[in-house]
Amino acid sequence: MRSQCDHVSCGTKEKVWVPYYYQGRERGLKPHPYCTECGLVKNLSSERPRRIGFYINIITSLKEEFKLAKAQIRLIALDIENSGVDDDYGMDRHQQEELFIKIVHKYVNVPEWALRKFF
Ligand SMILES: [Zn+2]
């Protein structure tokens, strides 16, 4: 299990200059707040992350087409839940999508386009 953090942002003066991403592309540096508890840098992307349920639904809806076993779906769902994919302090939508694809490919051989068509 990942450790849960309630995330406490640092003050304005402590902000760190790190790359800002839009649609997965770097768009220069911007001051970002970070969490003083765990050090995670806050995501400032305009693309808000999705709920975990969105990703679980994708896997479930591919069950028939790619003949996924219940056990495989359960493993993927568990991995997604433990991955921190719903940590909207630090994750943007693009990072979520990449992480989701990586997790799915650990367990099943569903082609990337089949996953991306849901995004
Ligand atoms: Zn934190």
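**Exercise 1. How are H1 and H3 oriented to each other: roughly parallel or oblique?**

Solution, step by step. Keep in mind that you're looking at a predicted model.

- Start with the geometry: helix H1 covers residues 52–61, helix H3 covers residues 93–107, and the two pack at an angle of about 40° with their axes 11 Å apart.
- Now bring in the cut-off: angles under 35 degrees count as roughly parallel, and 65 to 115 as roughly perpendicular.
- The angle of about 40° fits neither class, so H1 and H3 are oblique to each other.
- For the handedness, H1 and H3 make a right-handed crossing.

**Exercise 2. Find which residues make the contact between H1 and H3, and sort them by class.**

Solution, step by step.

- On the H1 side, pick out Tyr55, Ile58 and Ile59.
- On the H3 side, look for Arg93, Gln96, Glu97, Phe100 and Val104.
- Sorting them gives 5 nonpolar, 1 polar and 2 charged residues in the contact of H1 with H3.

**Exercise 3. Describe how H2 packs against H3.**

Solution, step by step.

- Helix H2 spans residues 70–82, and its angle with H3 is about 145°, with the axes 9 Å apart.
- The crossing of H2 and H3 is right-handed.
- From H2, the residues involved are Gln72, Leu75, Ile76, Asp79 and Ile80.
- They meet Phe100, Ile103, Val104, Lys106 and Tyr107 of H3.
- Count by class and you get 7 nonpolar, 1 polar and 2 charged residues for the contact of H2 with H3.
- Compare the lists: Phe100 and Val104 of H3 turn up in the contact with H1 and again in the contact with H2.

**Exercise 4. Work out how S1 and S2 are joined and paired.**

Solution, step by step.

- Strand S1 takes in residues 16–22 and strand S2 residues 25–32; they pair in the antiparallel sense, over 6 bridges.
- Check one position: tyrosine 22 sits opposite arginine 25 of S2.
- Next, look at the link: S1 and S2 form a hairpin, with 2 residues between them.
- In that turn, glutamine 23 has a positive phi of about 50°.
- A handy rule for looking at strands: in a regular strand, side chains alternate between the two faces of the sheet.

**Exercise 5. Put together an overview of the whole protein.**

Solution, step by step.

- Count the elements: there are 4 helices and 2 strands.
- Read them off from the N terminus, and the order is β-β-α-α-α-α.
- For the dimensions, the C-alpha atoms fill a box of roughly 55 × 30 × 20 Å along the principal axes.
- As for burial, 34% of the 119 residues count as buried.
- Finally, take the contacts between residues at least 6 apart in sequence: 62% of these join residues at least 24 apart.

Definitions and conventions. Residues are numbered from 1 along each chain as its sequence is written. This is a predicted model: local features need pLDDT of at least 70, side-chain atom pairs count only at pLDDT 80 or more; totals for chains, interfaces and linings use all residues. Side-chain values use heavy atoms; hydrogens and water are left out. Axes are lines fitted to C-alpha atoms, for helices over the stretch in contact, and angles run from 0 to 180 degrees between N-to-C directions. Angles under 35 degrees count as roughly parallel, over 145 as roughly antiparallel, 65 to 115 as roughly perpendicular and the rest as oblique. A crossing is left-handed if the near helix is turned anticlockwise from the far one by less than a right angle, and right-handed if clockwise. Contact means heavy atoms within 4.5 Å. Ala, Val, Leu, Ile, Met, Phe, Trp, Tyr, Cys and Pro count as nonpolar, Asp, Glu, Lys and Arg as charged, and the others, Gly among them, as polar. Two strands pair if DSSP finds at least two bridges between them. Buried means under 20% relative accessible area, exposed over 50%, partly exposed in between (1.4 Å probe, protein chains only).
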